[in-house]
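Student: I should be grateful for a close look at a single part of this structure, with its surroundings described in one connected account.

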Amino acid sequence: MSNPLVDMDKPDVFFCIGTNMTECHPVAATRLKKAIRGGARLIVADPRRIPLAEMADLYLPLRVGSDVALLLAMAHVIAREGLVDRDFVNRRTVKSEDLLEHVKEYPPEWAERITGVPAKDIELAAIWYGKADRGAIYYTLGITEHICGVDNVQSLCNLALMTGNVGREGTGINPMRGQNNIQGAGDSGAIPDKFPGFQPCDDPENAERFSRLYGRRLEAETGITKVAALNQCGDRIRAMLIDGENTVMSDPDRAHCTHALESLDHLVVIDIFLTETAELADVVLPATAWGETDGTCTNTERRVQRLRAAVPPPGEARPDWWIISEIAKRMGTPGFEYGSAEDVFNELCSVSPIYAGLDWDRIEHGAYHWPVPEFEHPGTPMLHEGEFANGRGIFTKHRYRNPAETVSDDFPVWLTTGRRLHAYHTRTQTGRAAGMDYFLSEETLEVHPSDVAAWGLTDGGLCRMSSARGSIRIKVKATRQSPRGTVFASFGFNDVPVNVLTGSGYDPITETAELKVCPVRIEAIVPEPHTP
């Protein structure tokens, strides 16, 4: 996030797109609710009428996968209505004229035909955001899990740059991370093209520096993504270690994922429970859970926090850093002689410019947001204040393109997927809690009541949902939360493996899967007659 969570009290206008914040980030969302009660306007763009949409002053029910069209039209209106912050644009950006000329092609009437959102509502959203003294954008996986995820994010950046809504309180581009230490994992180098601190792997100086640190030669080249790794299982990749991820449940095209892992000569899984992925492993190494672990976590607002073990770990469970270090040492790899999580974190601080001013003792109270470039630095709760670290903000041009697969006679319904309030991610933890089972004991398919009738379904009855990759059985739930022609289900229930269906395409830059768009066919399952 460019701005800290406390800033959620401050915007005049919120533009929330592709984020089911009240269900997926319920604690953070309380600040947004407070701001709305205080008079802030809320614009929500989402295919489903999620709880956040019920709070909105303006709801934009766009068709799944059409975000770029909506954002192009909003940029068109902002330019047309003279709402561009010319002073900000001239001082702090480049390529503005190219962008302003480009968006002339995309009026709201054009976007209405693609998104299904009335042109007048697109205009109103753009004007509200463009006129705001403090306009803030919030988004999550509903923006990124598309073949055009990068285009979506850069289109949002265009809006913020056009209006000068960057680098000030109550503004910014704010992606809310999907899991508790996703930000910290990226900071530490768990990205295929970046060393710790987001230092490019293909930079020869970086490669040389980390070669010295790791004690072996590293070429100045980027690594491969998980998508590429799974595609190479059984061929170039013969063994794999998966740490803390239930890949079989969370990845698209489950049949492909399972086949890939089964093609390996050796699979090692580190986790706190025997997940669906761990069941495929040759070796499972038990890790400590968060309440059993000393370590660090960097959260969605870039705040670096200490984790302290509250209880001893059960049985042979050990911290992830210890397990990985022991594997490395027994493979003869130098440089893993850590005695504690403190040693690991202090090494990170020594090699990462954004952590350079931190150490184990300084993060005692979780007071610092990176970047903290030197020891006396107070931290950076808000990014881009006064200047951009990499120079000027760059406007980018994009054109709308269809999802990898679109509805057809064979698959005439849009499926979109996500999470639910009471079922965290793949339910590795919440699925083992009896209390959560009381709130959500099974997965259902959200279908608009008119479609339930038109498709011969029964509310509470079973249907078969099929895509180009497979089919599943799932219970129908009639609800107006999903629009006509679009259905929704979460992916966390193993007995209803929704990700059997997904996996039609990937963003060409990040290789992020298009989990939010999947054409399907829905067929009623007629119960067999009871025989006495």
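**The open three-stranded sheet and two further sites**

Tutor: In this predicted model, strand E9 and strand E10 (residues 266–271) run parallel and are joined by five bridges. Within this pairing, Ile 242 stands opposite Val 269 in E10. The two strands belong to an open sheet of three strands, ordered E9-E10-E11, with parallel pairing. Strand E9 (239–243) and strand E11 (283–286) each have a single partner strand and stand at the edges, so one side of each is left without a neighbour in the sheet. From one strand to the next, the twist averages 15°.

A further strand, E13 (residues 304–307), contains Arg 306. Because its relative accessibility is 17%, below the 20% cut-off, Arg 306 counts as buried. Its side chain makes a polar contact of 3.1 Å with the side chain of Glu 364. Beyond its neighbours within four places in sequence, Arg 306 is in contact with Gly 295, Trp 360 and Ile 363, as well as with Glu 364.

Among the helices, H4 (residues 67–80) has 14 residues and spans 20 Å from its first C-alpha to its last, close to the 20 Å expected at 1.5 Å a residue. Twelve of the 14 residues of H4 are buried, so the helix is largely enclosed by the rest of the structure. The buried residues include Asp 67, His 76 and Ile 78, together with Leu 70, Leu 71 and Leu 72. Just after H4, Gly 82 takes a positive phi of about 70°.

Notes
Residues numbered from 1 in each chain as written. Predicted model: local features only at pLDDT ≥ 70, side-chain atom pairs only at ≥ 80, totals over all residues. Heavy atoms only, no water. Helix = DSSP H or I, 4+ residues; strand = E, 2+ residues; numbered from the N terminus. Expected span 1.5 Å × (residues − 1). Buried < 20%, exposed > 50% of the residue type's maximum accessible area, 1.4 Å probe, protein only. Polar contact = N/O pair within 3.5 Å; in protein donor to acceptor, adjacent residues only side chain to side chain. Contact = heavy atoms within 4.5 Å. Pairing = 2+ DSSP bridges. Axes fitted to C-alpha atoms, helices over the stretch in contact; angles between N-to-C directions.
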